[in-house]
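Student: Hi! Could you walk me through some side-chain packing in this protein?
Tutor: Happy to. Let's put it up first.

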Amino acid sequence: MCGAILAKYLALGGPGGFLGYPTTNETPTPDGIGRFNHFANDGSIYWTPNTGAWSIHGAIQDKWASLGWEQSFLRYPVTDETGTPDGVGRFNHFSSADRFGASIYWTRSTGAWSIHGAIQSKWASLGWERGFLGHPTTDETPTPDGIGSFNHFANDGSIYWRASTGAWSVHGAIRDKWASLGWEKSCQGYPVSDEFAIPNARQSNFSNGQITYDFNSAQATAKCLPVCSAPSASPIAQKLSADIWPALAGRQSTWGIAVYDRTSGVTCAVNPHLHFDAASTVKVAIVGTLLRMAMDQHRTLTGQENQLATAMLEHSDNNATSAVWAEVGAARFQQFLNLVGMTETIPGPGPYWGLTRQTADDEVKLLLMLTSSTTVLDAPSRAYELDLMTKVQPDQHWGVPAGAPAGVTVHLKTGDLPRATRGWRVHSIGAFTGGGADYVIVVLTDNDPTLAYGITTIENVATVINRDLNPTHNGAVVPATTTPPPEVPDEHVPDVLP
């Protein structure tokens with residue numbers, strides 16, 4: 001032991017201090033940046049040229065170790081363990097992997113928990129542990145919908161963060177109400193304000209609504225903004241807004257939903273800009289790219305191209321898709337996306353077309369292009385692709401057709417893909433024509449534990465959408481799938497790309 005680490009050790013009392021005797025020589029850290037010594041009394045001193053030498057020990061060191069030491073998001077200590085201003089707990093601050101900072105806080109009653117980034121910044125702005133939230137009682141944790149993150153705190157409060165909304169606190173009766181409705185997966189979505197005062201009440205605003213606590217009634221009430229709209233007052237839009245969320249209640253899936261009905265002008269959107277791995281639903285855009293390439297070359301599809309396109313859309317053939325993906329190439333695929341206006345779609349890397357990142361909003365644009373007069377694809381090309389989409393194999397005929405009137409033609413594509421994180425991706429997209437219908441439905445999901453679970457989520461919401469868009473139809477409807485396809489991936493991709 002020497003240099004800055006020795007100086008810090010002696011300043012803390014040397015062998016007679018809380019660290020005790022060293023149990024290692026001064027050793028380089030695994031990240032190659034710093035150096036450390038461990039000591040007998042469950043403690044260490046870590047040093048880097050940028051941070052200097054600082055001690056860490058006990059439960060806080062154990063938490064830091066469990067998160068990955070200096071190679072975690074916390075990085076290196078930048079303080080010794082220090083008593084909190086409220087006199088209850090202890091903390092270390094860390095150099096952090098981002099500009100906001102990071103810490104571990106400990107109390108005897110709560111244990112040691114990490115907090116960092118925008119959530120720590122918000123907590124600091126509210127008074128740290130002396131604010132109304134108190135001490136953290138969790139590490140920063142991903143939300144079940146996979147979009148945001150949160151920390152819970154000792155005084156019945158939380159801070160939730162999402163990239164598009166930022167970090168906001170929610171607590172007390174308003175938090176309890178939000179929790180009872182399903183947290184961020186409820187129709188309210190994420191907090192977009194801290195709790196604030198209104199006449200005789202308190203309120204928190206959310207990305208899709210608000211929750212108010214009334215002092216007179218001592219009750220918290222929730223209000224959600226409608227997810228469906230129309231150019232003029234529409235009972236269909238009102239009915240859909242009322243029915244979509246109950247159809248999703250209790251489902252662990254994460255979803256992106258978009259609907260457009262040309263007849264009524266009704267538009268619905270729930271997480272329409274959330275990205276999902278496309279799996280086989282991207283085959284619709286790939287075939288569209290093939291057709292556009294043939295148009296640009298002033299020809300029709302060759303016999304082989306016709307066979308490949310047919311296999312892709314009727315049988316969801318992956319080998320055929322890989323062949324067409326290689327033929328059209330990344331530049332031409334991106335050009336097709338640009339022509340359709342699919343600005344949120346990100347082509348998959350290299351040969352991994354199934355890892356194309358797509359949104360429900362972009363998939364609606366694609367389906368609307370196929371079912372309208374457009375210069376992107378000529379009428380014969382659009383009719384060709386739409387016809388293939390009516391002939392999908394029975395084991396792929398699931399999802400958005402559920403609940404549609406029997407006389408309606410469904411132009412359908414489904415996709416499914418399991419990965420090591422976020423479970424199964426299960427998607428169904430469809431255009432509905434004929435029999436008085438002219439609408440499109442897109443439901444994308446992930447975080448599904450099984451393929452069958454994802455199908456059920458999609459069919460729950462598709463059934464109410466089809467029913468509400470066809471209020472005067474009293475005939476037979478397409479039943480929900482009763483025999484889901486086998487739990488076999490639609491496509492195999494590595495979880496870690498080369």
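Tutor: We'll go through ring pairs, a charge over a ring, a helix crossing and one histidine, bearing in mind that this is a predicted model.

Student: Sounds good. How many aromatic pairs are there in the whole structure?
Tutor: A search of the whole structure turns up 21 aromatic pairs. One of them joins Tyr-46 and Trp-64, with ring centres 4.7 Å apart and planes at 80°, so this pair is edge-to-face. The cut-off for that label is over 60 degrees between the planes.

Student: Where do Tyr-46 and Trp-64 lie?
Tutor: Tyr-46 is in strand 3 (residues 43–48), while Trp-64 is in helix 2 (residues 58–67), so their pairing ties together parts 18 residues apart in sequence.

Student: And are those two buried or exposed?
Tutor: Tyr-46 and Trp-64 are both buried.

Student: Got another pair? What about Tyr-105 and Trp-128?
Tutor: Sure! Tyr-105 and Trp-128 are stacked, at 6.2 Å centre to centre with 25° between the planes. Tyr-105 belongs to strand 7 (residues 102–107), and Trp-128 sits in the loop between helix 3 (117–125) and strand 9 (141–142), so this pair links parts that are 23 residues apart in sequence.

Student: Why does Tyr-105 count as buried?
Tutor: Its relative accessibility is 3%, so Tyr-105 counts as buried; the cut-off is under 20%. Trp-128 has 29% relative accessibility, so Trp-128 counts as partly exposed.

Student: Which residues form an aromatic cluster?
Tutor: One cluster is made up of Phe-36, Tyr-46, Trp-64, Trp-69, Tyr-76 and Phe-94. You'll recognise Tyr-46 and Trp-64 from the edge-to-face pair.

Student: Okay, charges now. What lies over the face of Tyr-453?
Tutor: That's Arg-251, at 3.7 Å from the ring centre of Tyr-453.

Student: Let's switch to helices. How do helix 7 and helix 8 cross?
Tutor: The axes of helix 7 (residues 303–314) and helix 8 (residues 318–340) come within 8 Å and cross at roughly 125°. That makes helix 7 oblique to helix 8. The crossing of helix 7 past helix 8 is left-handed.

Student: Which residues make the contact?
Tutor: Helix 7 contributes Glu-305, Leu-308, Ala-311 and Met-312. From helix 8 come Ala-320, Thr-321, Ala-323, Val-324 and Glu-327.

Student: Last one: where does His-427 lie?
Tutor: His-427 is part of strand 23 (residues 424–434). With a relative accessible area of 0%, His-427 is buried.

Student: How far apart are His-427 and Val-442?
Tutor: They are 15 residues apart in sequence, and C-alpha to C-alpha His-427 and Val-442 are 8.0 Å apart in space.

Definitions and conventions: Residues are numbered from 1 along each chain as its sequence is written. This is a predicted model: local features need pLDDT of at least 70, side-chain atom pairs count only at pLDDT 80 or more; totals for chains, interfaces and linings use all residues. Side-chain values use heavy atoms; hydrogens and water are left out. Rings of Phe, Tyr and Trp (its six-membered ring) pair if their centres lie within 6.5 Å; planes under 30 degrees apart count as stacked, over 60 as edge-to-face and the rest as tilted. Helices (H or I, at least four residues) and strands (E, at least two) are DSSP runs, numbered from the N terminus. Buried means under 20% relative accessible area, exposed over 50%, partly exposed in between (1.4 Å probe, protein chains only). A charge sits over a ring if NZ of Lys or CZ of Arg is within 6 Å of the ring centre and within 35 degrees of the ring normal. Axes are lines fitted to C-alpha atoms, for helices over the stretch in contact, and angles run from 0 to 180 degrees between N-to-C directions. Angles under 35 degrees count as roughly parallel, over 145 as roughly antiparallel, 65 to 115 as roughly perpendicular and the rest as oblique. A crossing is left-handed if the near helix is turned anticlockwise from the far one by less than a right angle, and right-handed if clockwise. Contact means heavy atoms within 4.5 Å.
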